[in-house]
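Biologist: Please show the model, so that we may discuss a few of its strands and surface residues.

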Amino acid sequence: MQFDVRRFDIYRKVPKDLTEPTYTGAVISILSCVFMSFLFLSEFYSFVTTEIASELFVDNPSPKNEHLPVVLNLTLPRMRCEFLGLDIQDEMGRHEVAFQENIDRTPTEDGGGCNFFGKFNINKVPGNFHLSTHGAGRQPDDPDMSHLINSLNFGEKIEDKLPGVFTALKSVDKTDGNALSSHDYILKIVPTIYEKLDGTTQFSYQYTWAYKNYISYSHGGSVLPAIWFRYDLSPITVKYIERRKPIYHFITTVCAIIGGTFTVAGIIDSSIFTASEMFKKHQMGKLS
């Protein structure tokens with residue numbers, strides 16, 4: 001007896017002349033195709049679109065990367081550039097007055113104020129950096145540290161839109177306060193890692209802040225005002241991972257869409273057809 005591989009066919013075919021098309025079946029078939037197309041396109045869009053997942057873990061900063069890059073951009077409308085300087089202090093004993101490296105001071109259009117831009121590194125320990133007139137050769141007659149923070153960034157600048165606050169102090173306006181007020185920003189810095197789909201990694205820092213202003217006094221009168229940024233680093237690191245659904249997930253979902261739609265549509269069509277036949281028999285009095 002000749003072996004016939006067709007016996008393993010679980011999809012047995014019914015001759016076309018033994019089947020009966022109906023209007024109801026045609027409508028259900030069209031609706032099923034539209035529904036499957038919609039689900040397929042939705043799933044395809046979900047497959048090609050990347051998603052951002054996040055992780056939290058405790059991190060001990062590597063000694064090879066003990067410095068944290070800072071980019072500070074402010075405008076002081078009533079403080080001339082010749083008086084303005086950057087001071088840096090931290091708990092490791094660093095104390096620099098009128099820090100000069102990568103500092104750019106540009107007078108405002110009216111000449112009475114200063115646009116301050118600085119790129120510098122700080123140690124990954126609690127400390128502060130502040131704008132003051134402490135390093136100036138002479139002090140201004142009317143020290144006014146009113147300011148507008150254009151931006152304050154830590155670490156690499158991330159262009160992608162990620163959840164979190166990487167430029168929390170952007171466009172903060174403190175130009176209407178008391179001329180003798182000192183401005184105090186307390187920052188909590190959170191290390192952040194961004195791993196892209198192509199495998200590249202960026203190291204940045206998001207942060208939260210609180211603010212207060214005050215006038216300091218000593219035995220000789222009021223203390224010269226300053227703009228303080230006091231910072232501390234969180235031991236918790238946030239890691240964002242950009243990823244896409246695997247291809248097998250997409251194939252599995254598509255098969256489920258097609259198979260499920262055909263099955264459900266077949267059940268609906270069969271139920272409607274059976275009910276229709278029973279109704280016809282009832283009208284003809286053949287339903288016992």
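Modeller: A short exchange on selected residues and strands follows.

Modeller: This is a predicted model, in which local features need pLDDT of at least 70 and side-chain atom pairs count only at pLDDT 80 or more, while totals for chains, interfaces and linings use all residues. Residues are numbered from 1 along each chain as its sequence is written, and side-chain values use heavy atoms, with hydrogens and water left out.

Biologist: Is V58 buried or exposed?

Modeller: V58 lies in strand β1, residues 51–58 (strands are DSSP runs of E, at least two residues, numbered from the N terminus). Buried means under 20% relative accessible area, exposed over 50%, and partly exposed in between, with a 1.4 Å probe and protein chains only. Because its relative accessibility is 65%, V58 counts as exposed.

Biologist: Which residue in β15 stands opposite V58?

Modeller: Strands β1 and β15 run antiparallel and are joined by eight bridges; pairing requires that DSSP find at least two bridges between two strands. V58 touches P235 and I236, leaving aside residues up to four places away in sequence (contact means heavy atoms within 4.5 Å). The residue opposite V58 in β15 is I236.

Biologist: How many bridges pair strand β10 with β15?

Modeller: Strand β15 spans residues 236–243, and six of its eight residues are buried, so it is largely enclosed by the rest of the structure. T192 stands opposite V238 in β15. Strand β10, residues 182–195, pairs with β15 in the parallel sense, and the number of bridges is four.
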